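Grab a pencil and have a look at the model below. Then try the exercises before you read the solutions.

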Amino acid sequence: MASLATGQRLKSAVCNTEIMVISAPDGDLELTCGGVPMGSDGSSESGTVDPNYANGTTIGKRYVNDDGDLELLCVKPGDGSLAVNGTELKIKESKKLPKTD
């Protein structure tokens with residue numbers, strides 16, 4: 001468990017995924033990618049992606065939790081999917097712009 005700070009960059013230990021924290025709630029969270037905790041130490045890949053967390057990440061997409069108080073930006077895609085405290089994060093829907101005539 002660790003607390004996340006805005007602007008913090010994290011790397012997956014089991015795939016190429018790298019993310020940047022856009023916003024995060026106070027307190028400790030267990031952020032995982034591919035079922036394995038993420039870190040900022042840049043350690044080399046070790047282990048394999050858990051099949052339950054193998055939906056992958058997409059560069060440039062923002063990932064949010066159900067409460068909307070955690071937002072992460074994918075800066076490098078990979079095979080593992082992001083989860084916090086065991087719950088998989090979803091891609092943030094883009095806002096619809098009003099039509100112009």
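Here come three short exercises, each with a worked solution.

A word on ground rules: this is a predicted model, where local features need pLDDT of at least 70, side-chain atom pairs count only at pLDDT 80 or more, and totals for chains, interfaces and linings use all residues. Residues are numbered from 1 along each chain as its sequence is written, and side-chain values use heavy atoms, with hydrogens and water left out.

**Exercise 1.** Work out which residues Asn65 contacts, leaving aside neighbours within four places in sequence.

*Solution.*
- Find Asn65 in the loop between strand S7 (62-64) and S8; strands are DSSP runs of E, at least two residues, numbered from the N terminus.
- Look for heavy atoms within 4.5 Å, the contact rule: you get Leu70, Val84, Leu89 and Lys90.
- Asn65 counts as buried because its relative accessibility is 13%, and buried means under 20% relative accessible area (1.4 Å probe, protein chains only).

**Exercise 2.** Find how far Asn65 sits from Ala83, in sequence and in space.

*Solution.*
- Count along the chain: they're 18 residues apart.
- Go C-alpha to C-alpha in space: 8.4 Å.

**Exercise 3.** Decide how many disulfides there are.

*Solution.*
- Apply the cut-off: a pair of cysteine sulfur atoms within 2.5 Å. The count is zero.
- Check Cys33: the nearest cysteine sulfur, in Cys15, is 3.7 Å away.
- Check Cys74: no bond there, because the closest cysteine sulfur, in Cys33, is 8.4 Å off, too far.
- Check burial: Cys33 has a relative accessible area of 0% and Cys74 has 1%, so both count as buried.

Definitions and conventions. Buried < 20%, exposed > 50% of the residue type's maximum accessible area, 1.4 Å probe, protein only.
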